[in-house]
Structures are given as C-alpha cells and as structure tokens.
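User: Hey, I've just opened this one and I'm new to it. Can you walk me through what's there?

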Amino acid sequence: MNFGIIENYFYKNKTMSDRSNLYRDIFSGKNKEHWDKQQSELKHMPNQKWHKIMSFIKSGIRITGYALVPFDLVTAAVVLIFSEIVGILEELV
C-alpha cells in the first residue's frame, strides 16, 4: 500500500489491540474519571446536525445575494446582511 508519511505512521503504529485496550479500560472503569469528564464536556458541544443545516441555509442565502448583485445592489446588500444574521444564529446552535 502506498501511504503518505502521516498515514504510514498511524498505519504502522496503531493496532487493533490499542483500540481493544482502550475499550477494555473504558468498560472496566479504569478511566472512569476521564470518561465522565468527556461526557460532561459533550453536553456543551453545539448540535452538529442543526449547525450543518444552518450553514447550508446561510450558504444558499449568500449565493442568492451574490446572484442579485448585477441586478439590484440594495436588495443584494439586504440579502447578504440577512445571511450574516443567519451566520450568527448558526454559531449559537
């Protein structure tokens, strides 16, 4: 197989036993504190599904705004400003 430097490093140095050891440690309770900390941090993560949906909506609004530039500059500016408002909402999701 032809791997790049980084891929080659991970391909050679990571084995299934590493993954098995991680799962064994998690399920045996060895790393319970670490696991609990990760789970509590996930509660503060943004909702990826809605973030992606809002990003697509924002992109569609931007494309529409830039498409309007040759025809009506004021309307295009309003649409682009609206897309920035959607972008702010996207970051809050």
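Analyst: Sure, and one term will help from the start: a patch here is made of residues with over 30% relative accessible area and no salt bridge, with nonpolar side chains joined within 5 Å. Also keep in mind that this is a predicted model.

User: Okay, which residues make the nonpolar surface patch?

Analyst: Ile81, Phe82, Ile85, Ile88, Leu89 and Leu92 make it, and the patch covers about 630 Å².

User: Where does leucine 89 lie?

Analyst: Leucine 89 is part of helix H5, which spans residues 73–92. Its relative accessibility is 41%, so leucine 89 counts as partly exposed.

User: Let's zoom out. How many helices and strands does the chain have?

Analyst: There are five helices and zero strands. Reading from the N terminus, the order of elements is α-α-α-α-α.

User: And how much of the chain is buried?

Analyst: Of its 93 residues, 13% count as buried. The accessible surface of the chain is about 8,100 Å², and carbon and sulfur atoms account for 64% of that.

User: What about contacts between residues that are far along the chain from each other?

Analyst: Take the contacts between residues at least 6 apart in sequence: 47% of them join residues at least 24 apart.

User: Back to the helices. How do H4 and H5 pack, parallel or antiparallel?

Analyst: Their axes are 8 Å apart and the angle is about 170 degrees. Angles over 145 degrees count as roughly antiparallel, and H4 and H5 are therefore roughly antiparallel to each other.

User: Which residues meet between H4 and H5?

Analyst: Quite a list! On the H4 side they include His51, Met54, Ile57, Lys58, Ile61, Arg62 and Tyr66. On the H5 side, Val79, Leu80, Phe82, Glu84, Val86, Leu89 and Glu90 are among them. Notice that Phe82 and Leu89 also belong to the nonpolar surface patch.

User: I see charged residues in there. How many salt bridges are there?

Analyst: The count comes to two. In one of them, the side chains of glutamate 90 and lysine 58 meet, with 2.9 Å from N to O. Glutamate 90 is in helix H5 and lysine 58 is in helix H4 (residues 48–68), so this pair ties together parts that are 32 residues apart in sequence.

User: Is glutamate 90 buried or exposed?

Analyst: Buried: its relative accessibility is 4%. Buried means under 20% relative accessible area, and lysine 58 is buried too, at 14%.

User: And which residue does arginine 62 form a salt bridge with?

Analyst: Glutamate 84, with the closest N and O atoms 2.7 Å apart. Arginine 62 lies in helix H4 and glutamate 84 in helix H5, so this pair ties together parts that are 22 residues apart in sequence.

User: How accessible are those two?

Analyst: Arginine 62 has 31% relative accessibility and counts as partly exposed. Glutamate 84 is partly exposed as well, with a relative accessible area of 41%.

User: New topic: I clicked on glycine 87. Where does glycine 87 lie?

Analyst: Glycine 87 is in helix H5. It is buried, with a relative accessible area of 12%. Glycine 87 and serine 59 are 28 residues apart along the chain, and their C-alpha atoms are separated by 9.1 Å.

User: Last one: what about alanine 77?

Analyst: Alanine 77 is found in helix H5 too. With a relative accessible area of 34%, alanine 77 is partly exposed. Alanine 77 and tyrosine 66 are eleven residues apart in sequence, and 8.7 Å apart in space from C-alpha to C-alpha.

Conventions. Residues numbered from 1 in each chain as written. Predicted model: local features only at pLDDT ≥ 70, side-chain atom pairs only at ≥ 80, totals over all residues. Heavy atoms only, no water. Patch = residues over 30% accessible without salt bridge, like charges linked within 9 Å, V, L, I, M, F, W, Y side chains within 5 Å. Areas by Shrake-Rupley, 256 points an atom, 1.4 Å probe, with all protein chains shown as cover. Salt bridge = Lys/Arg side-chain N within 4 Å of Asp/Glu carboxyl O. Helix = DSSP H or I, 4+ residues; strand = E, 2+ residues; numbered from the N terminus. Buried < 20%, exposed > 50% of the residue type's maximum accessible area, 1.4 Å probe, protein only. Axes fitted to C-alpha atoms, helices over the stretch in contact; angles between N-to-C directions. Parallel < 35°, antiparallel > 145°, perpendicular 65-115°, else oblique. Contact = heavy atoms within 4.5 Å.
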